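Let us read a model together, one feature at a time. The learner asks and the teacher answers.

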Amino acid sequence: MTEMRINCYPVFRRIFRISLFIAMFIFRLENGFCDPIYYARYQIQSENGMIIRSILEIIPAADEFRIDEFQRIKVTGVASGTGEIDAESEAIHNAISRILVSSGLKSINSRRYLFNSDSGDVAILNYEGVVRLPITVRNRNTSFKNDLYGIDAEIDFAPIAFPTRWSSLYIDHLLKKTTQQIHMFLSSAFLR
């Protein structure tokens, strides 16, 4: 009887490892932390009702938690042939700017200034979202009229969520990250 007990432990250990291995792969989460995602903000600055400049900023954002669901959006981007960067990159930047204006989180910051006897209003409009790479370019159109270059692209885009949802999204992000770290630990410990 004692011999049977001694020999059962390796069997139970093997069964436990196999069931744990199967459970890890059945209930695993998508690995969203390795995606090449970028925070994008399109900023339009105006003074006294006239646009003085617009800026597109794209920054790596591996730990961005404030996002809604990703959607694949088809968009057209246009570039002039006289830009500082190549025409296709300029057209892709234009396409990202269009998506941000149409679907991104919108916010405005304004102020009134008085300097000597000169007064004015300054407004800054921000459009924010997250873009996942790679961007798929479907069509390239070269128009010889006005030296325009256009693309038809498909971009995975997620707008930044409204600020009232940020705390719940942060908790979800922490739970997902902790689950992935446990998954990585268990897979490294038991799959050697």
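The dialogue below covers confidence, cores, strands and rings.

Q: Which element has the lowest mean pLDDT, and which the highest?

A: Start with confidence, since this is a predicted model. Helix α1 (residues 2-26) has the lowest mean pLDDT, 62, and β1 the highest, 94. For the protein chain the mean is 81, and 80% of its residues reach 70 or more. Residues 29-33 stay under 50. The model still gives that stretch 12 contacts beyond four places in sequence.

Q: Which residues touch the most other members of the largest nonpolar core?

A: Look for the buried nonpolar side chains that join up. Here the largest such core has 21 residues. Ile96, Leu100, Val131, Ile135, Ile151 and Ile155 touch the most other members.

Q: Which elements give two or more residues to this core?

A: They are β1 (37-47), β3 (71-80), α2 (87-103), β5 (118-143) and β6 (148-159). The largest share, 6 residues, comes from α2. Apart from this core lies another, of 8 residues, including Ile37, Ala61, Ile67 and Leu105.

Q: What is Leu100 in contact with, leaving aside its neighbours within four places in sequence?

A: Pick one core residue and list its contacts. Leu100 is in contact with Ala40, Arg41, Tyr42, Leu56, Tyr127, Glu128, Gly129 and Phe157.

Q: Why is β6 largely enclosed by the rest of the structure?

A: Count buried residues along the strand. In β6, 10 of the 12 residues are buried, so the rest of the structure largely encloses it.

Q: How many bridges join β3 to β6, and which residue is the bridge partner of Gly77?

A: There are 10 bridges between β3 and β6, and the two run antiparallel. Gly77 has Ile151, in β6, as its bridge partner. Ile151 is also one of the core residues that touch the most other members.

Q: Why is the pair of Phe65 and Tyr170 edge-to-face?

A: Check the angle between the planes; over 60 degrees counts as edge-to-face. The planes of Phe65 and Tyr170 lie at 65 degrees, with ring centres 5.0 Å apart, so the pair is edge-to-face. A search of the whole structure finds 2 aromatic pairs. Phe65 sits in the loop between β2 (50-60) and β3, and Tyr170 in helix α3 (residues 166-190). The pair links distant parts of the chain, 105 residues apart.

Q: What is the relative accessibility of Phe65?

A: Phe65 is at 24% and counts as partly exposed. Tyr170 is partly exposed too, at 39%.

Q: Which rings have an arginine over the face?

A: Look along the ring normal for a charge. Arg66 lies over the face of Trp166, 4.8 Å from the ring centre. Arg132 lies over the face of Phe70, at 4.0 Å from the ring centre.

Methods. Residues are numbered from 1 along each chain as its sequence is written. Side-chain values use heavy atoms; hydrogens and water are left out. A nonpolar core is a set of buried Ala, Val, Leu, Ile, Met, Phe, Trp, Tyr and Cys residues joined through side-chain atoms within 4.5 Å. Buried means under 20% relative accessible area, exposed over 50%, partly exposed in between (1.4 Å probe, protein chains only). Helices (H or I, at least four residues) and strands (E, at least two) are DSSP runs, numbered from the N terminus. Contact means heavy atoms within 4.5 Å. Rings of Phe, Tyr and Trp (its six-membered ring) pair if their centres lie within 6.5 Å; planes under 30 degrees apart count as stacked, over 60 as edge-to-face and the rest as tilted. A charge sits over a ring if NZ of Lys or CZ of Arg is within 6 Å of the ring centre and within 35 degrees of the ring normal. Two strands pair if DSSP finds at least two bridges between them. pLDDT is the predictor's confidence in each residue, from 0 to 100.
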